[in-house]
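Open the model in your viewer and keep the sequence panel beside it. The tour below moves from one selection to the next and says what is there.

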Amino acid sequence: MAAASGGSGLWRRLRTGVGWAVRAASSGRRAAAEAPRAEELAERLRARKREEEKRESCSSPTEGVSRSPQGPQDAAQRRVRQLAVLGRRLQQVHPNVLAKILKEGTLFQNEEIVVINKPYGLPVHGGPGVKNCITDVLPILAKMLENMKAEPLHLCHRLDKETTGVMVLARSKEVADRIRLLFKTRQVEKIYWAISLGKPDPAEGVVEIPMVEKEVQSHQSHYKMTLAPSYRLRPEDGKEVRTRRERGAERAVTRYRCLATAAACSLLELQPITGVKHQIRVHLAYGLGCPILGDHKYSHWSKLAPQKLPEVTLRRLRLQQSKARHLPLHLHARRLCLPLGQQLDLVCKPPPFFQKTLEKLELDISND
């Protein structure tokens, strides 16, 4: 039979790839019975692959993975890959499940507001390719918190898709309008934590540089926020010369303070005084030269490419540069001080992946 012949292409591949010794059919029925069949081998490989996929899918993307016999670097890289798909998983769950996740992350609530811990990778508003967002599940969340007749919750402000932390929702439109006015008139104190590459010089200060959105002309044209300073340096003597304000530029002010430094990275406490789009990311990357860890958009100006990490950072994270593209943005809205009748001090711990990075980089914040 041609299918059992030692000259068959299929059996040659089985002999070479799996290492089985297959005798020709002419050696007798006993030898043919002892030789593994192609179907059995294929089924073994399929079963092994199913088992590996099952083990990987059981790992929690937010809590990390267990230690692997292949070494800590392999475990760290797998954790990074799993977190990279967390946003996609949130897009695949039923809206009721997403509302339950937000309910379980409730930090504070009273008769006027609900404060949630926004997960990583979840957009606030809908858009192309967005199946689930916070706005769409607010009616479901309100019913879970109150009852079936509860009015939908209202957004008071927004956070970027990749930003985690404190987010305030109002139980009525009137309260939402009041809180939005507090944000607009800068009566809300906002404190963020970020892990940055490099250390700012000086270690504490204020970045006050206007910002504007521009198109980046490259092999893949895209738009980015960038700095639009109202001065330039005169070539002949390096003196500052004021220039005309760029059309569309917005005033942007960010206070910063370095809390810890290690492994070519820093933990920064940031207070945005204004609320320009991507303000913290741009002021750190282009104003201080310290882009946020995992900020692949603002680590380069002229291209979209994975962030380049220092060798010492890669060693501490037990990560290869080729996997750096999966690193999440390490920006967390840690605290809001909201003057709503009484002064509300709303605090949220960083997510597990953020805390794990702090540990690996040995950024000690025990005193903060």
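Start with helix H9 and select Gln279, Ile280, Arg281, Val282, His283, Leu284 and Ala285, which are the buried residues of this helix. Keep in mind throughout that the model is predicted. Seven of the nine residues of H9 are buried, so the helix is largely enclosed by the rest of the structure.

**Either side of H9**

Step back to His278, in the loop between strand S12 (265–272) and H9. His278 has a positive phi of about 55° although it is not a glycine. Is His278 buried or exposed? With a relative accessibility of 13%, His278 counts as buried. Now go to the other side of the helix: Gly289 follows H9 and also has a positive phi, near 70°.

**Rings at H9 and beyond**

Select Tyr286, Tyr298 and Trp301, which ring pairs join into a cluster. Tyr286 is partly exposed, at 25% relative accessible area, and Trp301 is partly exposed as well, at 34%. How far apart are the ring centres of Tyr286 and Trp301? Their centres lie 6.1 Å apart and their planes are at 80°, so this pair is edge-to-face. The pair links distant parts of the chain, with Tyr286 in H9 (residues 279–287) and Trp301, 15 residues away, in the loop between H9 and helix H10 (311–317).

Aromatic pairs in this model number three. For another of them, select Tyr120 and Phe353: with ring centres 5.4 Å apart and planes at 70°, this pair is edge-to-face because the angle is over 60 degrees. Tyr120 sits in the loop between strand S2 (113–118) and helix H7 (134–145), while Phe353 belongs to helix H11 (residues 352–361), 233 residues apart from it. Tyr120 has 14% relative accessibility and counts as buried; Phe353, at 11%, counts as buried too.

From H11, move on to Glu362 in the segment after that helix. Phi of Glu362 is positive, near 60°, and the residue is not a glycine. Glu362 is exposed, with a relative accessible area of 54%. Most residues other than glycine have a negative phi, and most peptide bonds are trans.

**A cis peptide bond**

The next stop concerns the peptide bond. Select Asp201 and Pro202, which are joined by a cis peptide bond with omega of about 5°. Pro202 lies in the loop between strand S5 (189–197) and strand S6 (204–208).

**Strand S4 and its partners**

Select strand S4 (residues 164–170), where seven of the seven residues are buried. Which strands pair with S4? Take them in turn.

- S2 pairs with S4 in the antiparallel sense over six bridges; show Ile116, which stands opposite Met167 in S4.
- Strand S3 (residues 154–155) runs antiparallel to S4 and is joined to it by two bridges; show His154, whose bridge partner in S4 is Ala170.
- Strand S13 (residues 331–340) pairs with S4 in the parallel sense, over two bridges; show Thr164, which stands opposite His332 in S13.

**A charge over a ring**

Select Arg334 and Trp193. Arg334 lies over the face of Trp193, at 4.2 Å from the ring centre.

**The nonpolar cores**

Trp193 also appears among the residues that Leu267 touches. Which residues of the largest nonpolar core touch the most other members? They are Ile195 and Leu267, in a core of 64 residues. The largest share of this core comes from H7, which gives six residues. At least three residues of the core come from each of domain 1 (91–185) and domain 2 (187–361).

Center the view on Leu267 and show its contacts. Leaving out residues up to four places away in sequence, Leu267 touches Trp193, Ala194, Ile195, Arg257, Cys258, Leu259, Ala260, Phe354, Leu358, Leu363 and Ile365.

For the last selection, take Val166, Ala176, Phe183 and Cys348, which are among the 18 residues of a second, separate core.

Methods: Residues numbered from 1 in each chain as written. Predicted model: local features only at pLDDT ≥ 70, side-chain atom pairs only at ≥ 80, totals over all residues. Heavy atoms only, no water. Phe/Tyr/Trp six-rings, centres within 6.5 Å; stacked < 30°, edge-to-face > 60°. Helix = DSSP H or I, 4+ residues; strand = E, 2+ residues; numbered from the N terminus. Buried < 20%, exposed > 50% of the residue type's maximum accessible area, 1.4 Å probe, protein only. Lys NZ or Arg CZ within 6 Å of the ring centre and 35° of its normal. Pairing = 2+ DSSP bridges. Core = buried A, V, L, I, M, F, W, Y, C linked by side-chain atoms within 4.5 Å. Domains from an automatic or database assignment. Contact = heavy atoms within 4.5 Å.
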